[in-house]
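Subject: Structure handover and what was found in it

Dear colleague,

I am passing this structure on to you, and I would be grateful if you could look it over before reading my notes. The sequence and the model come first, and the notes come after them.

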Amino acid sequence: MAKSALLVVDMQEDFCPPIAKSINELLSMPFAMRIATRDSHPSDHASFSTSHPPPNNKAFESRTEVVNPKNPAESMSIPIWPVHCVQGTPGAEIIPELDQSRLDRIIDKGRDKHVEMFSAFADCFGNKTSTAASFDLAKFLKEKGVGQVFVVGLTGDYCVRCTAIDAHKEGFKVFVIEEAVKSVDSGANGWGSAKTELQALGVAVIDIAGPEMQAIKLYQQQ
């Protein structure tokens, strides 16, 4: 059995629902690595409503274009959000209810104000830069001998989804634990659509009490 890592996505003060209990249960299991991600945005991040003039700056409704810093000919439409998880503010901190003593490392992402970074592996254009993230997560996991990752946290239809997709692209076997995930939109057009997409790619969406988790409990990581 390949070494397994638990990726805890964006359990931060600014937008955290009550799922810490489930994630703490997972953190107590014998994963080889337990890593948390943390949005760490500059105050003028491109996705913030305050970075754009009205009327096209409505959080959850408006969108804006961002340009690939490595290829100016490439652009992408991204959602506009309320200001959240600004570097150095209490809202950017991981919630105290989460048992951080069990974490092996925290990766800060979304640090480049010009681009969106839902995934813990790369920005929205697939770039891996020290400007956007504090370290290369895929490289780190592979150096530790990890072959499969279990993804939990926030949000199922954005950061969890993108993290799982990029983990799959990096060659990891990927599982998303559904009870330990919350979404912006928990309906058919949000988490429902994301779940279908993940399963079509070969990412397994599993139950916290399922056989995959029982195998983790029984397996002593080498």
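What follows is a description of some features of this structure, taken one topic at a time.

Please keep in mind throughout that this is a predicted model.

I begin with the helix α3, which spans residues 159-169 and is mostly covered, with eight of its 11 residues buried. Those buried residues are C159, V160, C162, T163, A164, I165, D166 and A167, and the elements that cover them include the strands β1 (3-9), β5, β6 (146-154) and β7 (173-182), together with the helix α4. After α3 comes G171, a residue whose phi is positive, near 95 degrees.

The cysteines are the next topic, and two of them, C159 and C162, have just been named among the buried residues of α3. How many disulfides does the structure hold? The count is zero. C85 takes part in no disulfide, and the cysteine sulfur nearest to it, that of C159, lies 9.1 Å away, whereas a disulfide requires two sulfur atoms within 2.5 Å. C162 is likewise in no disulfide, its nearest cysteine sulfur being that of C159 at 6.9 Å. As for accessibility, C85 counts as buried because its relative accessibility is 0%, and C162 also counts as buried because its value is 15%, the limit for that class being under 20%.

C162 appears again in the pockets. The largest pocket has a volume of about 510 Å³ and is lined by 30 residues, of which F118, C124, R161, C162 and I165 lie nearest its centre. Which elements each supply at least two residues of this lining? They are the strand β4 (71-79) and the helices α3 and α4, the latter covering residues 188-201. In character, the lining divides into 14 nonpolar, six polar and 10 charged residues.

The second largest pocket holds about 320 Å³ of space. Its lining is made up of 20 residues, and F15, W81, H84, T155 and V184 are the ones that lie nearest the centre of this pocket. Of the residues in this second lining, 11 are nonpolar, four are polar and five are charged.

The strand β4, which contributes to the lining of the largest pocket, also pairs with β3 (residues 63-68) in the antiparallel sense, over six bridges. Within that pairing, E65 stands opposite S77 in β4, and the two strands are joined by a hairpin through two residues.

K70 is found in the loop between β3 and β4, and this lysine counts as exposed because its relative accessibility is 56%, the class beginning at values over 50%. Leaving aside neighbours within four places in sequence, K70 is in contact with N127, K128 and T129. By comparison with those contacts, the C-alpha atoms of K70 and A164, 94 residues apart along the chain, are separated by 23 Å.

The strand β4 is also followed by a loop that leads to β5 (105-109), and S101 lies in that loop. At 67% relative accessibility, S101 counts as exposed. S101 and A200 are 99 residues apart in sequence, and their C-alpha atoms are 35 Å apart in space.

With best regards

Definitions and conventions:
Residues are numbered from 1 along each chain as its sequence is written. This is a predicted model: local features need pLDDT of at least 70, side-chain atom pairs count only at pLDDT 80 or more; totals for chains, interfaces and linings use all residues. Side-chain values use heavy atoms; hydrogens and water are left out. Buried means under 20% relative accessible area, exposed over 50%, partly exposed in between (1.4 Å probe, protein chains only). On a 1 Å grid over the protein atoms alone, a cavity is a set of points where a 1.4 Å probe fits but cannot get out, and a pocket is an open set with protein on both sides within 12 Å along at least five of seven lines; lining residues have an atom within 4 Å of a point. Grid points are joined across faces, edges and corners, and a volume is the space filled by probe spheres set on the points. Helices (H or I, at least four residues) and strands (E, at least two) are DSSP runs, numbered from the N terminus. Ala, Val, Leu, Ile, Met, Phe, Trp, Tyr, Cys and Pro count as nonpolar, Asp, Glu, Lys and Arg as charged, and the others, Gly among them, as polar. Two strands pair if DSSP finds at least two bridges between them. Contact means heavy atoms within 4.5 Å.
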